[in-house]
Amino acid sequence: MAPSQTPGSNSLKRRGLMFVLSSPSGAGKTTIARRLLAEDDEIAMSVSVTTRPMRPGEVEGRDYQFADRARFDAMVEANEFLEWAEVFGNCYGTPKAQIKAGLREGQDFLFDIDWQGTQQLYQRMETDVVRVFLLPPSIEELEQRLRGRGTDSEEVIEGRMARAKAEISHWDGYDYVVINDDVEACFGKVRAILDAERLRRARQTGLVDFARNLMR
Ligand SMILES: Nc1ncnc2c1ncn2[C@@H]1O[C@H](COP(=O)(O)OP(=O)(O)OP(=O)(O)O)[C@@H](O)[C@H]1O
Ligand SMILES: Nc1nc2c(ncn2[C@@H]2O[C@H](COP(=O)(O)O)[C@@H](O)[C@H]2O)c(=O)[nH]1
């Protein structure tokens with residue numbers, strides 16, 4: 001038996017999953033996503049294309065692929081996105097190219113996308129998608145986090161707060177909802193969801209052979 005098929009090693013061949021994190025802006029998706037990526041080498045970020053300007057500290061190709069509107073529209077036209085949406089006046093889309101091949105190879109992908117994109121992904125890729133929604137402990141705390149982040153102008157913060165309640169109203173379109181009151185606790189819960197979802201029978205494509213060997 002190959003070492004990767006040792007019982008208990010939990011590394012049987014499996015299909016990758018699409019792990020979606022959504023929340024109102026400022027609730028902590030990026031914080032949780034970065035931690036997951038740093039601690040888990042089986043999951044990679046799905047890097048979206050966006051027409052919004054780059055923020056200080058962001059890196060082209062790591063945080064987003066930054067594109068102008070003409071380039072984005074051309075990608076929509078060429079059907080290069082698994083999903084796309086307009087958020088806060090900017091366009092965001094998930095490029096399809098590497099995702100489908102990666103899933104077959106057992107690669108998991110993390111998506112930091114809004115509820116519209118989540119619905120589209122789910123319609124297209126249903127059983128591959130795990131939908132997690134993060135909620136802030138309160139609206140006041142959400143605003144404090146946006147201000148504390150120090151990346152947006154007053155006008156942008158007001159726009160994000162104005163949309164927060166509408167975004168929160170989509171919580172029931174998700175498989176899991178986690179309140180991000182404490183980063184450690186929230187991360188632990190998100191981690192547990194990912195671990196459990198990886199063990200779903202349907203994803204463990206190596207189980208058939210493994211069980212057959214056991215029964216020989
Ligand atoms: N549990 C928490 N307690 C206190 N502060 C937090 C917590 N989680 C995240 N933060 C802080 O809140 C701010 C917003 O978090 P983050 O940027 O991760 O939100 P986001 O949901 O990704 O926002 P956006 O949708 O605008 O990208 C950051 O400054 C982050 O450090
Ligand atoms: N539908 C999609 N939404 C996306 C995508 N990438 C990011 N987002 C969402 O946009 C807002 C704003 O993000 P920000 O980085 O400008 O603060 C946030 O809700 C993201 O989840 C995407 O590819 N598709």
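Me: A strand here is a DSSP run of type E with at least two residues, and strands are numbered from the N terminus. In this predicted model, in which strand is aspartate 108 found?
Reply: The model is predicted, not experimental. The strand that holds aspartate 108 spans residues 108-112. In the numbering from the N terminus, the strand with aspartate 108 is β7.

Me: Is aspartate 108 buried or exposed?
Reply: Leaving aside neighbours within four places in sequence, aspartate 108 is in contact with Arg14, Gly16, Leu17, Glu42, Ile43, Ala44 and Arg198. Buried means under 20% relative accessible area. Aspartate 108 has a relative accessible area of 0%, and therefore counts as buried.

Me: Which residues does the UniProt annotation "domain: Guanylate kinase-like" cover?
Reply: The annotation comes from an unreviewed UniProt entry. Within the annotated span, 43% is helix and 23% is strand, and the end C-alpha atoms lie 12 Å apart. The residues covered by the annotation are 16-195.

Me: Of the residues that UniProt lists for "binding site", which one does the lining of the largest cavity include?
Reply: The unreviewed UniProt entry lists Ser23, Pro24, Ser25, Gly26, Ala27, Gly28, Lys29 and Thr30 under "binding site". Of these residues, the lining of the largest cavity includes Ser23.
The side chain of this serine also makes a polar contact of 3.0 Å with that of lysine 29. The listed residue included in the cavity lining is Ser23.

Me: Where is serine 25 placed, and is it buried or exposed?
Reply: Serine 25 lies in the loop between β1 (18-22) and α1 (29-39). Its relative accessible area is 7%, and the cut-off for buried is under 20%. Serine 25 is therefore buried.

Me: Which side chain is joined to that of serine 25 by a polar contact of 2.8 Å?
Reply: Beyond four places in sequence, serine 25 is in contact with Phe88, Leu142, Leu146, Arg149, Arg160 and Glu167. The side-chain polar contact of 2.8 Å made by serine 25 is with arginine 160.

Me: What is the relative accessibility of lysine 29?
Reply: Lysine 29 is found in helix α1. Not counting residues up to four places away in sequence, it touches Leu21, Ser22, Ser23, Pro24, Asp112 and Leu134. Lysine 29 counts as buried because its relative accessibility is 13%.

Me: How much of the accessible area of ligand 1 does the protein bury?
Reply: Of the 17 residues around ligand 1, Ser25, Lys29, Thr30, Thr31 and Asn180 come nearest. An oxygen atom of ligand 1 is 3.0 Å from a polar backbone atom of glycine 28. On the side-chain part, an oxygen atom of ligand 1 is 2.9 Å from an N or O atom of arginine 149, and one is 3.0 Å from an N or O atom of arginine 160. Ligand 1 taken alone exposes 640 Å², of which the protein buries 76%.

Me: How much of the accessible area of ligand 2 does the protein cover?
Reply: Ser48, Arg52, Tyr64, Glu83 and Tyr92 come nearest among the 17 residues around ligand 2. An oxygen atom of ligand 2 is 2.5 Å from a side-chain N or O atom of tyrosine 64, and a nitrogen atom of ligand 2 is 2.7 Å from a side-chain N or O atom of glutamate 83. For tyrosine 92, the distance from a side-chain N or O atom to an oxygen atom of ligand 2 is 2.4 Å. Of the 510 Å² of accessible area that ligand 2 has on its own, the protein covers 95%.

Terms used:
Residues numbered from 1 in each chain as written. Chains lettered and ligands numbered in written order. Predicted model: local features only at pLDDT ≥ 70, side-chain atom pairs only at ≥ 80, totals over all residues. Heavy atoms only, no water. UniProt positions renumbered as here; feature names shortened; annotations may be inferred. 1 Å grid on protein atoms, 1.4 Å probe; cavity = no way out; pocket = protein on both sides within 12 Å on 5 of 7 lines; lining within 4 Å. Helix = DSSP H or I, 4+ residues; strand = E, 2+ residues; numbered from the N terminus. Buried < 20%, exposed > 50% of the residue type's maximum accessible area, 1.4 Å probe, protein only. Contact = heavy atoms within 4.5 Å. Polar contact = N/O pair within 3.5 Å; in protein donor to acceptor, adjacent residues only side chain to side chain. Near = heavy atom within 4 Å. Areas by Shrake-Rupley, 256 points an atom, 1.4 Å probe, with all protein chains shown as cover.
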